[in-house]
Amino acid sequence: MTDFQSVKTVAVLTGAGVSAESGVPTFRGKDGLWRQYRVEDLATPEAFHRNPALVWEWYDWRRELIANCQPNQAHLTLAEMEKALPDFTLITQNVDGLHRRAGSQKVVELHGNLWDVRCVAEGTVREYRRVPLPEIPPRCQCGALLRPNVVWFGEPLPAEAIAAAQEAATSCDLMLVIGTSGVVHPAASLPFWAKQGGAYLIEINVQRTPISTYADEVILGPAAVEVPRLWAKWRQAVE
Ligand code: OAD
């Protein structure tokens with residue numbers, strides 16, 4: 001167990017597992033398929049080019065589902081940690097927006113946000129929360145297609161987001177990795193960089209992942225239970 005008293009700088013990396021208990025399906029594992037499609041068949045520029053309506057049907061389904069989900073105790077605890085800790089960075093691969101809905105303010109969204117849309121011609125980004133969509137695929141006023149403002153396989157991450165995430169990972173004393181399969185890079189490299197920078201690494205997941213092999217502690221259990229439990233222990237240690 002780490003000595004929480006000496007921890008000054010904290011970085012957290014979350015993946016789909018942090019939202020699992022809110023009812024948001026993860027990408028891999030038994031709930032991972034939508035119709036017969038895998039995420040790798042839908043979340044690509046090629047898939048959008050081939051069949052924008054199909055890709056949008058998937059996003060429309062996810063947007064409606066997520067609109068009816070609530071942040072869970074893991075999201076809420078992370079928002080509380082941000083308020084209580086002086087140097088805290090929350091990095092997420094999730095596009096569901098649940099961290100912000102839980103009250104987190106400083107969130108590095110590595111893969112964008114599915115409540116924002118981008119015009120493929122003009123590149124303009126705007127919030128668009130209507131569910132279900134009145135028209136699939138949706139179009140910009142200029143007539144061009146709109147796409148979700150998220151990062152697809154084969155696309156670069158937003159430069160500012162990856163720079164902020166790298167900075168937080170390489171300079172933290174403690175990194176908490178919650179509910180990610182640790183297979184999609186560069187996000188999956190962040191715990192490794194944190195470890196190389198000397199951070200203490202705690203992983204929370206319902207199962208072991210490639211990150212478990214070098215984590216200092218692996219806590220096996222659901223995030224909505226284990227994040228509040230860890231935070232309670234942490235507060236007890238510093239009070
Ligand atoms: P995955 O679906 O790959 O992994 C979810 C992880 O959460 C798995 O390791 C599960 O064991 C774990 N898990 C499930 N339920 C949990 C719970 N209740 N508590 C804790 N852990 C739980 O999701 P990500 O790792 O987020 O990117 O996937 C990474 C990226 O791949 C996504 O951001 C997305 C996807 O393709 C893009 O779309 C670009």
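Is E226 buried, exposed or partly exposed, and what is its relative accessible area? Keep that residue in mind while you follow this tour of a predicted model, because E226 turns out to be buried, with a relative accessible area of 10%.

**First stop: helix α8**

Select residues 223-238, which make up helix α8, and display the side chains of R229 and E226, which meet in a salt bridge with 3.3 Å from N to O. Both of these residues lie in helix α8, where they are 3 residues apart, or about one turn of the helix. While E226 is buried at 10% relative accessible area, its partner R229 counts as partly exposed, with 48% relative accessibility.

**Second stop: from helix α8 to helix α4**

Stay on helix α8 and select R235, then add E80, with which R235 forms a salt bridge whose closest N and O atoms are 3.2 Å apart. Since R235 lies in helix α8 and E80 lies in helix α4 (residues 73-84), the pair ties together parts of the model that are 155 residues apart in sequence. R235 is partly exposed, with a relative accessible area of 32%, and E80 is also partly exposed, with a value of 37%.

**Third stop: the sheet**

Now select strands β5, β4 and β6, which form an open sheet of 3 strands in the order β5-β4-β6, with antiparallel pairing. Strands β5 (125-127) and β6 (146-150) stand at the edges and have a single partner strand each, so one side of each is left without a neighbour in the sheet. From one strand to the next, the twist averages 45 degrees.

Look next at β4 (residues 112-119) together with β6, two strands that run antiparallel and are joined by 4 bridges. To find a place where they face each other, select V117, which stands opposite P148 in β6. Then add helix α3 (residues 52-67), which packs on the sheet and touches β4 and β6, and whose direction makes about 135 degrees with that of β4.

**Fourth stop: further salt bridges**

Select R147 and E155, whose side chains meet in a salt bridge with 2.8 Å from N to O. Is R147 buried or exposed? At 7% relative accessibility, R147 counts as buried, because the cut-off for a buried residue is under 20% relative accessible area.

Finally, select R28, R38, E40 and D41 together, and you will have in view four residues that are linked in a network of salt bridges. For the model as a whole, the count comes to 10 salt bridges.

Conventions:
Residues are numbered from 1 along each chain as its sequence is written. This is a predicted model: local features need pLDDT of at least 70, side-chain atom pairs count only at pLDDT 80 or more; totals for chains, interfaces and linings use all residues. Side-chain values use heavy atoms; hydrogens and water are left out. Two strands pair if DSSP finds at least two bridges between them. Axes are lines fitted to C-alpha atoms, for helices over the stretch in contact, and angles run from 0 to 180 degrees between N-to-C directions. Contact means heavy atoms within 4.5 Å. Buried means under 20% relative accessible area, exposed over 50%, partly exposed in between (1.4 Å probe, protein chains only).
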